[in-house]
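These are my notebook entries from one session with a single model. I record what I looked up, entry by entry.

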Amino acid sequence: MAKLLYGFSCSIDGFVAGPGGDMSWLTPYLGPDPLVDELIPEIGALLVGRRTYGGDDPHRGTEGEGKAFGGGWEGPQFVLTHRPAAPAPGVTFVDNLVGAVAAAKKAAGEKYVNVLGADVARQCLEAGVLDEILALPVPVLLGDGVRMFDRPGGKPVGLEVIRPNWYRVVSEKQG
């Protein structure tokens, strides 16, 4: 059965996007990455937040603009939203987390469902359905923006190292 993976690039100070969802900070750092190249064929579906789906694109102005992983991946996308956008090929808008996760896992088969969007990842974690986290640190300090994981007042979450930068979600620790 498919696993949910929150895979993301982030600044060293923990931001996945700049203020207002700006992704232009990432553009100078895009390029070949053996870990990403290894992961992409293992992704069977995307579970995407609405802000991420309609947000800024680090591939703006290139052939990869508007495409997952800059055009390096194609497949079904499930956007969690109460505000569907215009229909797009391969994109399904779902208005609840349970339905979105179930549909994405079914579409992914034995592969990963890659979660895109910090808020959707937080919701998946809180619902107990997030299996793994892949954090790809980028050598820059943004200072402000969208945190990779923001849950004020939340309890620590136990992680087990699978390999460098890749973790299995173990539990929420009592604290």
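Is Asp119 buried, partly exposed or exposed? I find Asp119 partly exposed, its relative accessible area being 30%. I note at the outset that the model is predicted.

**Entry 1. Overall layout**

I looked up the secondary structure and found 4 helices and 10 strands in the protein. Read along the sequence, I obtain the pattern β-β-α-β-α-β-β-α-β-α-β-β-β-β. Of the 175 residues in the protein, 40% are buried. I then turned to the contacts with a separation of 6 or more, and 72% of them are between residues 24 or more positions apart.

**Entry 2. Charge pairs in helix H4**

Side chains of opposite charge can pair when their charged atoms come close. I counted 6 salt bridges in the model.

I began with Asp119, which forms a salt bridge with Arg122, the closest N and O atoms lying 2.5 Å apart. Both residues belong to helix H4 (residues 118-126), where 3 residues, about one turn of the helix, separate them.

I next examined Glu126, whose side chain meets that of Arg122 in a salt bridge of 2.8 Å, N to O. Glu126 and Arg122 are 4 residues apart in helix H4, which means that about one helical turn separates them. Glu126 is partly exposed at 40% relative accessibility, whereas Arg122 is among the buried residues of H4.

Which residues are linked with Arg122 in a network of salt bridges? I list Asp119, Glu126 and Arg151 as linked with Arg122 in that network.

I also recorded the other buried residues of H4, namely Ala118, Val120, Ala121, Cys124 and Leu125. After H4 comes Gly128, for which I read a positive phi near 75°.

**Entry 3. Glu132 and Lys3**

I looked up a salt bridge between the side chains of Glu132 and Lys3, and its N to O distance is 3.4 Å. Glu132 lies in strand S7 (residues 132-138) and Lys3 in strand S1 (residues 3-11), so this pair ties together parts 129 residues apart in sequence. Glu132 is buried, with 3% relative accessibility. Lys3 is partly exposed, at 37% relative accessibility.

**Entry 4. Lys105**

I then checked Lys105, which lies in helix H3 (residues 97-108). Lys105 is buried and has no salt bridge. Why does Lys105 have no salt bridge? The nearest side chain of opposite charge, Asp131, is 4.7 Å away, and a salt bridge has to be within 4 Å, so this pair does not count. Leaving out residues up to four places away in sequence, I find Lys105 touching Met1, Ala2, Leu4 and Val113.

**Entry 5. The second largest pocket**

Rolling a probe the size of a water molecule over the atoms shows where empty space is left. I looked up the second largest pocket, whose volume is about 210 Å³. There are 15 residues lining this pocket, and those closest to its centre are Ile133, Met148, Phe149, Val157 and Leu159.

Which element supplies the largest share of the lining of the second largest pocket? I find that H4 does, with 3 residues. At least two lining residues come from each of S1, H4, S7 and strand S9 (157-163). I divided the lining by residue class and obtained 13 nonpolar, no polar and 2 charged residues.

**Entry 6. Two loop residues**

Where is Thr81 found? I place Thr81 in the loop between strand S4 (77-80) and strand S5 (91-94). Thr81 is buried, at 7% relative accessibility. Thr81 and Val94 are 13 residues apart along the chain, and I find their C-alpha atoms separated by 6.1 Å. Setting aside neighbours within four places in sequence, I list the contacts of Thr81 as Arg50, Phe93, Val94 and Asp95.

I closed the session with Asn165, which sits in the loop between S9 and strand S10 (166-172). Its phi is near 70°, a positive value in a residue other than glycine. Asn165 is partly exposed, with a relative accessible area of 31%.

Key
Residues are numbered from 1 along each chain as its sequence is written. This is a predicted model: local features need pLDDT of at least 70, side-chain atom pairs count only at pLDDT 80 or more; totals for chains, interfaces and linings use all residues. Side-chain values use heavy atoms; hydrogens and water are left out. Buried means under 20% relative accessible area, exposed over 50%, partly exposed in between (1.4 Å probe, protein chains only). Lys and Arg count as positive and Asp and Glu as negative; His and the chain ends are not counted. Contact means heavy atoms within 4.5 Å. On a 1 Å grid over the protein atoms alone, a cavity is a set of points where a 1.4 Å probe fits but cannot get out, and a pocket is an open set with protein on both sides within 12 Å along at least five of seven lines; lining residues have an atom within 4 Å of a point. Grid points are joined across faces, edges and corners, and a volume is the space filled by probe spheres set on the points. Ala, Val, Leu, Ile, Met, Phe, Trp, Tyr, Cys and Pro count as nonpolar, Asp, Glu, Lys and Arg as charged, and the others, Gly among them, as polar.
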